[in-house]
2 protein chains.
Amino acid sequence: MTTTTSNRPDVLARADGSPVRALVVDDEPTLAELLSTALRYEGWQVDHALSGHAAVRAAKALDPDVIVLDVMLPDLSGIDVLRRVRATNPNVPVLFLTAKDAVEDRIAGLTAGGDDYVTKPFSLEEVVARLRALLRRTGAVSSREEAVLVVGDLRMDEDSHEVSRDGEDIRLTATEFELLRYFMRNPKRVLSKAQILDRVWQYDFGGQANIVELYVSYLRRKIDKGRTPMLHTLRGVGYVLKPSV
Amino acid sequence: MTTTTSNRPDVLARADGSPVRALVVDDEPTLAELLSTALRYEGWQVDHALSGHAAVRAAKALDPDVIVLDVMLPDLSGIDVLRRVRATNPNVPVLFLTAKDAVEDRIAGLTAGGDDYVTKPFSLEEVVARLRALLRRTGAVSSREEAVLVVGDLRMDEDSHEVSRDGEDIRLTATEFELLRYFMRNPKRVLSKAQILDRVWQYDFGGQANIVELYVSYLRRKIDKGRTPMLHTLRGVGYVLKPSV
DNA sequence: ACCGAACCTGTGAACTTGCTGAGGATGGGT
DNA sequence: ACCCATCCTCAGCAAGTTCACAGGTTCGGT
């Protein structure tokens with residue numbers, strides 16, 4: 001069961017086994033590209049639209065399983081796009097992108113229907129996690145999978161944010177949680193510091209590169225302290241999370 | 001029991017197991033959309049009509065289990081719609097939406113048959129709760145479910161509005177009750193402040209965002225004071241209600 | 001053994017987030 | 001008309017979190 005089309009342990013798929021279809025809507029080409037690439041890496045089929053009108057057309061033509069929608073588009077407001085898209089795709093879940101300091105971007109009611117949003121600047125890990133959560137909830141994909149990640153005796157419940165090792169509860173901060181989630185979604189795979197930085201930190205992070213080392217150190221303190229280590233350093237390469245067995 | 005079609009603990013269904021069918025009638029597209037999406041998220045099958053005539057037609061065609069009906073439609077009065085709908089669907093329960101300052105006796109006439117109403121602006125949590133109550137009362141759905149929510153030693157009777165923890169009665173205000181109900185319908189799931197705001201507060205709430213913090217604080221005072229805490233803060237993420245075990 | 005590079009981690013400052021007391025506004029009930 | 005419960009704003013405090021920096025440690029190669 002480990003060797004499917006991808007060696008990722010947890011690629012989501014639709015009921016008929018075909019890949020998840022996502023539509024990314026952002027007028028900034030760089031961001032649209034960044035998101036598209038990240039989602040393709042999840043094994044999904046991705047299209048993107050650079051305007052509201054294009055988004056409405058694309059939604060109609062492609063019938064995506066999920067939509068990532070920047071609420072700040074030049075031609076149509078987020079709510080307009082949503083309404084028009086819902087006219088043809090009444091059930092598609094939407095993840096909204098909104099500026100953090102947006103003067104009340106009127107996101108009110110957007111999460112009410114079960115949709116969700118993330119604020120810019122976001123981390124890719126966060127976007128992907130939320131999309132997966134949306135897909136899980138709406139049942140659009142065949143996920144035998146629960147919202148629980150398990151690696152060895154390490155356990156993470158994405159819904160309740162509970163983490164435990166060998167039954168013992170572990171409290172993590174938001175950043176630690178995201179970092180560990182990234183590791184747990186890629187067990188036994190070496191992740192370089194650059195990869196981790198790109199994935200777990202906000203895309204505009206401009207700080208010192210050793211922040212990853214610092215947080216790995218924090219994580220080890222919480223999950224490896226006094227136990228068989230699961231988080232290993234590969235000098236000059238990166239880090240791996242491996243079952244302690 | 002964890003792996004049903006949805007991971008919601010309490011999705012209502014009809015006798016034959018098919019989803020509940022709801023018809024939303026409101027001439028304001030945004031509101032109709034908001035309601036429809038929220039009800040779909042409950043796992044129901046939803047259609048909406050934007051006028052009285054369309055509503056009558058839709059009711060005939062769809063034979064819904066429940067109808068959400070704005071009494072203030074441009075083409076037909078609420079009474080007319082009700083009368084015509086009842087001609088083809090004599091038993092369908094109706095939840096009326098009415099403006100706050102609407103004349104009281106008219107509503108009284110409408111709801112005489114066991115129907116119910118909420119005033120605009122409403123909170124989604126309230127609408128959903130009333131609809132669930134209507135469905136329960138009319139027996140249109142197979143609800144093994146009682147009107148009682150239980151999480152750990154916390155108990156809430158939705159019909160009598162009684163709340164107790166470990167046998168001890170707790171008096172809650174209306175807002176506190178709705179907030180706790182939302183938590184109890186989503187135990188062990190992180191709820192963000194935005195989600196809570198969208199769901200528990202009226203859709204036109206434009207106030208300070210820290211209102212959620214305030215009410216969580218009130219709730220804790222009443223349900224957690226001097227006990228093992230059940231309402232936990234996840235900094236930067238949201239809140240979770242968990243059994244104190 | 002030695003050396004430099006890579007990595008680890010203690011310290012503390014800056015910042016963010018959440019909590020809660022005080023009090024104003026509102027509205028229903030008597 | 002008054003009172004009281006409730007809802008909500010505001011603002012200050014407390015606590016948690018993120019991050020830079022720097023000195024210490026480990027590792028691999030020679």
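A polar contact is a pair of N or O atoms within 3.5 Å; within protein, one must be able to donate a hydrogen and the other to accept it, and residues adjacent in sequence count only if both atoms are side-chain atoms. Keep that at hand for the exercises below.

This is a predicted model, where local features need pLDDT of at least 70, side-chain atom pairs count only at pLDDT 80 or more, and totals for chains, interfaces and linings use all residues. Residues are numbered from 1 along each chain as its sequence is written, chains are lettered from A and ligands numbered from 1 in the order in which they are written, and side-chain values use heavy atoms, leaving out hydrogens and water.

**Exercise 1.** Find which side chains reach DNA strand D, and what they meet there.

*Solution.*
- Start with the surroundings: 27 residues are near DNA strand D, that is, have a heavy atom within 4 Å of it. Among the closest are T173(A) and Y218(B).
- Next, look at bases. Y218(B) places a polar side-chain atom 2.6 Å from a base nitrogen, and R235(A) has one 2.8 Å from a base oxygen.
- Then turn to the backbone: for Q208(B), a polar side-chain atom is 3.2 Å from a phosphate oxygen of strand D.
- Finally, consider the strand's own atoms within 4 Å of the protein: 68% belong to sugar or phosphate, the rest to bases.

**Exercise 2.** Describe how chains A and B meet.

*Solution.*
- Count the residues in contact (heavy atoms within 4.5 Å): chain B gives 25 and chain A gives 21.
- Look for salt bridges (a side-chain nitrogen of Lys or Arg within 4 Å of a carboxyl oxygen of Asp or Glu). There are 3 between the chains.
- Inspect one: E162(A) pairs with K242(B), their closest N and O atoms 3.0 Å apart.
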